[in-house]
Amino acid sequence: MSSSDHRARLLRAAEFRRAFDDRLARIEQQTPFDSVYDLDTADPVELWELPDADQKWVGRNARYAPTPVRSVRNALSRCDVRHEEATFADVGCGKGRVLLLATELPFRRIVGVEASKALCDIARSNVETASATHEGCERISVVHADATEFDVPEDAGLFYFYEPFALDVSMAVLDRIDDSIRRHPRRVLLCFTGRGQPDGNGSDGEASPIAAAAAELRPQWNLVETVTSPDGEFYDSFVYEYVPHAPDSKITGGYTS
Ligand SMILES: C[S@@+](CC[C@H](N)C(=O)[O-])C[C@H]1O[C@@H](n2cnc3c(N)ncnc32)[C@H](O)[C@@H]1O
């Protein structure tokens, strides 16, 4: 790539970010969350600005930005899960907003995985603040780990991804999830929110989030729902279900016959 092409690409990425942040700020004003509950989830953070930024995950990843409140609620409500039997996992949980909103559903446990310790600390502090006024926060745990090395809970039934990383990392994470299902057969859904990469590396015109391509590439993951965001200016969510294709599969507890 010539230096002028490179420069043009950086400018496009910067412009995309500015427009995206303006959009996010407008949505946040419509559904205040932090100001109501005294939390710190709304402000985006560039991963390279974090005190513990590590090239291992910063270089090929996007940034922290929260999923808008109504979009989270809407997407989770459309995931057909037996909450009482399942752990919910937000892979790349950032400051923990989705974890807090997941307490509105009766999940057995709620786990956030986050590569940045600085963001984990903010998430834990948000959980502590919220626990003063909200029930269910005791079900939340925030795990400081790279998602490619995270121990998948054997009862995890719904994984949420909002543009946490690029395709190669998503493939490695899905390897772990697939392996967990083989060892502990159960019904599992994946919910991907987003479109393209917010850092401008992907095209904003793509049909589904980059991370979702990892599921698209595997026959055992079937797209079962496309959930339109209620925040008109935000991204849709794509829900995939694990459908074993081996005839003697031992998967139990599913809704599909
Ligand atoms: C766009 S934010 C989404 C935050 C949150 N899930 C939400 O929707 O509000 C993506 C998060 O993924 C985290 N992340 C990126 N790569 C990761 C990895 N390899 N392992 C764990 N977390 C990662 C980032 O630090 C960032 O906080």
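Two strands are taken to pair if DSSP finds at least two bridges between them, and the helices (H or I, at least four residues) and strands (E, at least two) named in these legends are DSSP runs, numbered from the N terminus. The structure shown is a predicted model, in which local features need pLDDT of at least 70 and side-chain atom pairs count only at pLDDT 80 or more, while totals for chains, interfaces and linings use all residues. Residues are numbered from 1 along each chain as its sequence is written.

**View 1. Strands S4 and S5 with helix H6.** S4 and S5 run parallel and are joined by 5 bridges, with Val-113 standing opposite Val-143 in S5. The chain passes from S4 through H6 to S5 in a right-handed β-α-β crossover, where right-handed means that, with the strands pointing away from the viewer, the path from the first strand over the helix to the second runs clockwise. Helix H6 (residues 117–131) lies across S4 and S5, and runs at about 170 degrees to S5 (axes are lines fitted to C-alpha atoms, for helices over the stretch in contact, and angles run from 0 to 180 degrees between N-to-C directions; contact requires C-beta atoms, placed from the backbone, within 7 Å).

**View 2. The open sheet and its edges.** The sheet has 7 strands in the order S5-S4-S3-S6-S7-S9-S8, with mixed pairing. Strand S5 (140–144) and strand S8 (221–227) each have a single partner strand, so one side of each is left without a neighbour in the sheet. From one strand to the next, the twist averages 20 degrees. Strand S3 (residues 87–91) runs parallel to S4 and is joined to S4 by 5 bridges, and Phe-88 stands opposite Ile-110 in S4.

**View 3. The shell around the ligand.** Of the 27 residues around the ligand, those that come nearest are Gly-92, Gly-94, Ala-147, Tyr-162 and Pro-164, a residue being near if its C-beta atom, placed from the backbone, lies within 6 Å. Helix H5 (97–102) and strand S4 (109–114) are the elements that give two or more residues to this shell.

Definitions and conventions. Two residues are in contact if their C-beta atoms, placed from the backbone, lie within 7 Å.
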